[in-house]
Amino acid sequence: MKAFAAAVIAAITLGVLAMFALTSSQRFAYQAFATSGARVSEPGTNLVGPRWNGAPRPDEFESEPHGKAEGEGSHPKRS
Amino acid sequence: MRRATTLLSTLLVAVTLGVAAPAFAQNPIQADGVNPMGARPTADSVNEEFLFKQDSKIPGRISIPDQKAAILIQPQGREYQAFREGWLPWIGALVILGMIAALGAFFLFRGRIMMEHSQESGKKILRFNAFERFTHWMTASCFIILSLSGLNYIFGKRLLMPLIGPDAFGALAQWAKYSHVYLAWPFMLGVAFMFVLWIKDNIPNKIDWAWIKAGGGFIGKGHPHAARFNAGQKGVFWMVAGFGAAMSVTGLMMIFPFALTDINGMQVMQVVHSVIGIVFIAGILAHIYIGSLGMEGAYDAMGSGKVDLAWARAHHDLWVEQEQARTASGPQLKGHPAPAE
């Protein structure tokens with residue numbers, strides 16, 4: 001039982017350490033790939049579509065497309 | 001005079017063009033894309049078919065640093081989606097439910113394999129030390145979370161979302177994804193530890209072949225000879241080592257997407273990861289069954305670490321003899337009444 005408890009604690013500890021290590025080196029694509037000359041918009045929250053399979057609804061192109069950028073976009077650079 | 005000549009020439013050209021141009025203009029009867037000479041003006045232009053002869057995908061040109069965004073058409077993506085959304089759920093359901101059904105049928109046919117009592121019953125022998133059990137349980141507990149969160153990728157939207165709704169499923173799926181990515185690290189460490197700890201006892205030999213020919217003691221009465229691990233346990237070891245390595249490599253490719261592969265490679269990694277994952281889960285279900293419900297006395301090996309000597313003698317007779325010989329000749333356990341304890 002002690003070995004099991006120690007194993008679970010060790011797994012959680014290593015998982016938390018991995019979380020800190022990975023998140024410190026991660027950025028969203030719209031942050032990582034934007035440059036001073038190109039703005040990459042945030043794609044929104046649901047990239048897989050309303051049916052979660054990546055396929056569009058039959059009536060989707062008549063209404064709002066999924067994956068449309070939401071929120072306030074960054075201001076374009078004036079030069 | 002010269003100016004008059006120039007003016008006259010210009011006028012002549014203008015008149016000539018004015019008369020001739022309508023003759024070269026598109027004939028309203030002519031079909032689009034076919035000129036009056038009978039040739040198709042776009043016949044020699046670059047098209048998809050021509051581009052696919054040069055490469056398996058069609059790239060464009062972009063100005064942001066994310067060069068993978070320049071891929072315009074990648075037809076393999078459709079095959080990947082057909083597998084991911086069409087074949088994979090069926091493969092997963094058949095393999096995992098098939099294994100559960102097979103184990104259920106085996107239990108009904110064979111029942112629980114009971115311990116055979118002898119005069120050695122009641123004495124204990126140490127089968128796995130504390131570090132071995134720690135390694136096993138760290139890997140096992142991570143594997144259970146990885147399995148459930150991995151199956152959620154395939155079945156969650158089909159089975160869970162209709163029950164709990166998209167908002168709750170979205171939150172659950174996000175936490176499942178976090179647990180999958182972060183608990184993969186202690187799992188990989190556990191697999192590496194297990195490999196180092198137990199490889200010396202898992203090298204296949206002739207005894208394993210005899211064990212397999214005798215049905216491993218599952219069929220009929222009596223137990224074939226076995227050392228510390230029998231052929232079945234060696235199979236589980238090599239499955240965990242092989243599948244663990246494959247899942248680690250393909251998983252790392254997905255944790256660090258596009259680091260070493262392109263979009264096609266990412267799709268291949270997902271296919272390999274998901275198929276091996278399903279077979280891995282099915283194999284471990286059998287391992288869990290035989291280590292708990294399927295065989296009396298087997299769980300103690302990883303529970304307390306000590307097993308009944310009569311059980312050990314029946315299932316791992318060569319190992320018991322080896323341990324008793326080592327204990328009898330070694331000074332480390334002097335004074336202990338139970339051998340190898």
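**Exercise 1. Contacts and burial along chain B**

Work out what share of the contacts in chain B with a separation of 6 or more comes from residues 24 or more positions apart.

*Solution.* Start with the rule for a contact: two residues are in contact if their C-beta atoms, placed from the backbone, lie within 7 Å. Among the contacts in chain B with a separation of 6 or more, 67% join residues 24 or more positions apart. Next, place this in the fold: chain B has 11 helices and 4 strands, where helices (H or I, at least four residues) and strands (E, at least two) are DSSP runs numbered from the N terminus. Last, look at burial. A residue is buried if 20 or more other C-beta atoms lie within 10 Å of its own, exposed if 12 or fewer, and partly exposed in between, with C-beta atoms placed from the backbone. Of the 341 residues in chain B, 22% are buried.

A word on what you are looking at: this is a predicted model, in which local features need pLDDT of at least 70 and side-chain atom pairs count only at pLDDT 80 or more, while totals for chains, interfaces and linings use all residues. Residues are numbered from 1 along each chain as its sequence is written, and chains are lettered from A and ligands numbered from 1 in the order in which they are written.

**Exercise 2. Two residues of helix H8**

Find what lies around B:Ile263 and decide how B:Val279 counts for exposure.

*Solution.* Begin with B:Ile263, which sits in helix H8 (residues 263-291) of chain B. B:Ile263 counts as partly exposed because it has 16 C-beta neighbours inside 10 Å. Leaving out residues up to four places away in sequence, B:Ile263 touches B:Lys68, B:Ile71 and B:Gln74. B:Gly77 is 186 residues from B:Ile263 in sequence, yet their C-alpha atoms are 8.5 Å apart.

Now turn to B:Val279, also placed in helix H8 of chain B. With 16 C-beta neighbours inside 10 Å, B:Val279 counts as partly exposed. Its C-alpha atom is separated by 9.6 Å from that of B:Ile91, 188 residues away along the chain.

**Exercise 3. The two sides of H1(A)**

Check the length of helix H1 (residues 2-23) of chain A, then sort its residues into buried and exposed.

*Solution.* The expected span is 1.5 Å times one less than the number of residues. For the 22 residues of H1(A) that gives 32 Å, and the end C-alpha atoms are 31 Å apart, which agrees.

Next, list the buried residues: A:Ala3, A:Ala7, A:Ala11, A:Leu14 and A:Gly15. They cover an arc of only 105° around the axis (taken from the directions from the helix axis to the C-beta atoms), so they lie on the same side of H1(A). The general reason is that an α-helix has 3.6 residues a turn, so residues three or four places apart point the same way. On the other side of H1(A), the exposed residues are A:Lys2, A:Ala5, A:Ile9, A:Thr13, A:Val16, A:Phe20 and A:Thr23.

Finally, ask what covers the buried residues: the cover includes helix H4 (130-164) and helix H5 (166-198) of chain B.

**Exercise 4. Where the chains meet**

Count the residues that each chain brings to the contact.

*Solution.* Chain A brings 20 residues and chain B brings 19 residues. On the side of chain A that touches chain B, H1(A) gives the most, with 11 residues.
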